[in-house]
Amino acid sequence: MIELKYGAARQEPRQDAAMQRFRGHRVGQFIHWGLYALPAGRWEGKDVEFAAEFLPRVAKIPQQRWEALANDFTLADFDADRWADTAVAMGARYMTITTKHHDGFCLWPSAHTDFHMGNTPSGRDVLGELVAAYEARGIDVNFYYSVLDWRHPDWRFTLENDADNLAFARYLDFAMKQLEELAERYPSVKGFWFDGTWDESVKANGWWTWEVERMLKKRLPGVVVNSRLRADDLGARHVDTNGHLMGDYESGYERRLPEPWDTSVATRDWEACMTIPQASWGYHQGPWAQSTLKHPWDVVDMIAHCTSLGGNFLLNFGPRGDGSLAPAEVEIARRVGEWLAVNGEAIYGCGFAEGWEYQGWGYFTRDTSSGQVFAVVTRLPASGRVRLQLPAGLELTGLRTPGTGAHPYNRLADSVFEVELRAGLEAGPAVLALETGLLAGPASEKEPNPDVLD
């Protein structure tokens, strides 16, 4: 064990009420919005097939021209209530919004830079409006903050000499002041989601990441902080040099999920974030992005996948430059929400069903309060029949589908049952609520397989 001053603050998951609330939400709405929504992946008439929020770097746009976009950020069709209503329609229990992305533009009127929403034509405090709208609907608000800042003169990717160290020290002071400002200005925020911490400059200043986490938790008791913020004394990120998670939950799953049989991830809290188009977080108007939107049932599959391994799922939306939400994304949210309205008992407040092995047709989840086990069938076999292999010693004593009621099933062997399903595509993945009990008698011996006998 290596002695660390700035490693993990704890070795076991948090169990306080605020963390349990975050854990139970399971479904969240991610929002990437900033100046990059105006060009929307297109510059000088040419689509740039890369994430829209990286446009100023990929297209090598001069800083002065990029900053001039703020004059066009009029918020002509921005309505915080409409965004929040979309989150409600989707069934999201929390929301994470980009307060500042890598280009340095801030969605609140920051006192520490002139590159912010207060200096646009509307002068509106977008964050304040969003916090009010979402909280009025019972949805928790989290803040995304990019430590990386392409615009700030003191930002350094690497630290090559004393001048770099002095400049970066000034930058870290600036970032700390902005985070203190966010915590003071919006004290009801429930979590901070950090990004842009992969460069050598940040990894060489693990002490600062420790101090940021400590500051936020002192100012905002119960606040939840993701692992992306942290680096330890030796530059290890997310997980410290001794193998312990830093921050409150692991946030390394970006546009990917752990293997469904990898139960090791269930030992700690984690979250996966996912885009609706192929690879852009900010709104991208080009066919490269718009022709690859995920189907609502693919999203449901990912939600169930994450829940089955004890993780949260954060689905990203990229509003357009005028502040309106893309109709296709709103429709996806609606259909996912309709499914959750019927089947949400298998997701909200649920997690890893220990002892229930992954069986290929979908996922098992367990209600963390009642112990109720659910089967979420996202890959219905061609026969329409699903075989349920229960943990040894258990049998089915009842089966129902949410919103419908009792459902028939057949016993094939001890702890093995078969269920016939005829759910159509419009209904989305089927959910089975399983009632179980101990086998009445001793389990029968398995029939020997002559192919494996000596």
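Here are some worked exercises on the predicted model shown above.

**Exercise 1. Find the residues with the most contacts inside the largest nonpolar core, and the helix that gives the most to this core.**

Solution. Start with the core itself, which has 98 residues. Those with the most contacts inside it are Trp33, Ile97, Tyr134, Phe143, Phe192 and Phe194. Next, turn to the helices: helix 6 (residues 162-185) gives the most, with nine residues. Now take Phe143 and set aside its neighbours within four places in sequence. Its contacts then include Thr96, Ile97 and Thr99, Leu127 and Val131, Leu182 and Tyr186, and also Val189, Gly191, Phe192 and Trp193. Finally, look for a core apart from this one: another, of 19 residues, has Trp361, Val373, Leu390 and Leu399 among them. As background, nonpolar side chains in soluble globular proteins tend to be buried together.

**Exercise 2. Work out how the rings of Phe22 and Tyr249 are placed, and which parts of the chain they link.**

Solution. First the geometry: the ring centres of Phe22 and Tyr249 are 4.8 Å apart and the planes meet at 35°. Planes under 30 degrees apart would count as stacked and those over 60 as edge-to-face, so the pair is tilted. Then the location: Phe22 belongs to helix 1 (residues 17-25), while Tyr249 is in the loop between strand 7 (224-225) and strand 8 (250-254). The two are 227 residues apart, and the pair links distant parts of the chain. Last, the accessibility: the limit for buried is under 20%, so Phe22 at 7% counts as buried, and Tyr249 at 1% is buried too. This is one of 31 aromatic pairs in the structure.

**Exercise 3. Classify the aromatic pair of Trp155 and Phe168, and say which parts it ties together.**

Solution. The centres of Trp155 and Phe168 are 5.3 Å apart, with 70° between the planes. Angles over 60 degrees count as edge-to-face, so that is the class of this pair. Trp155 sits in the loop between strand 5 (140-146) and helix 6, whereas Phe168 is in helix 6, so the pair ties together parts 13 residues apart in sequence. Both Trp155 and Phe168 are buried.

**Exercise 4. Locate the rings that have a charged Arg over them.**

Solution. Take Tyr348 first: the charged end of Arg93 sits over its ring, 3.6 Å from the centre. Then go to Trp297, where Arg335 lies over the face at 5.0 Å from the ring centre.

**Exercise 5. Trace the open sheet of six strands and explain why strands 11 and 16 stand at its edges.**

Solution. Write down the order, 11-12-13-19-15-16, and note that the pairing is antiparallel. Strand 11 (350-351) and strand 16 (405-406) each have a single partner strand, so one side of each is left without a neighbour in the sheet. Inside the order, five bridges join strand 13 (residues 373-377) to strand 19 (residues 430-438). Across that pairing, Val377 stands opposite Ala430.

**Exercise 6. Sort the side chains of strand 14 (residues 385-389) by the face they point to.**

Solution. Val386 and Leu388 point to one face and are buried. Arg385, Arg387 and Gln389 point to the other face and are not buried. To find the partner, follow the five bridges from strand 14 to strand 18 (residues 416-420), which run antiparallel. There, Arg385 stands opposite Glu420.

Methods:
Residues are numbered from 1 along each chain as its sequence is written. This is a predicted model: local features need pLDDT of at least 70, side-chain atom pairs count only at pLDDT 80 or more; totals for chains, interfaces and linings use all residues. Side-chain values use heavy atoms; hydrogens and water are left out. A nonpolar core is a set of buried Ala, Val, Leu, Ile, Met, Phe, Trp, Tyr and Cys residues joined through side-chain atoms within 4.5 Å. Buried means under 20% relative accessible area, exposed over 50%, partly exposed in between (1.4 Å probe, protein chains only). Helices (H or I, at least four residues) and strands (E, at least two) are DSSP runs, numbered from the N terminus. Contact means heavy atoms within 4.5 Å. Rings of Phe, Tyr and Trp (its six-membered ring) pair if their centres lie within 6.5 Å; planes under 30 degrees apart count as stacked, over 60 as edge-to-face and the rest as tilted. A charge sits over a ring if NZ of Lys or CZ of Arg is within 6 Å of the ring centre and within 35 degrees of the ring normal. Two strands pair if DSSP finds at least two bridges between them.
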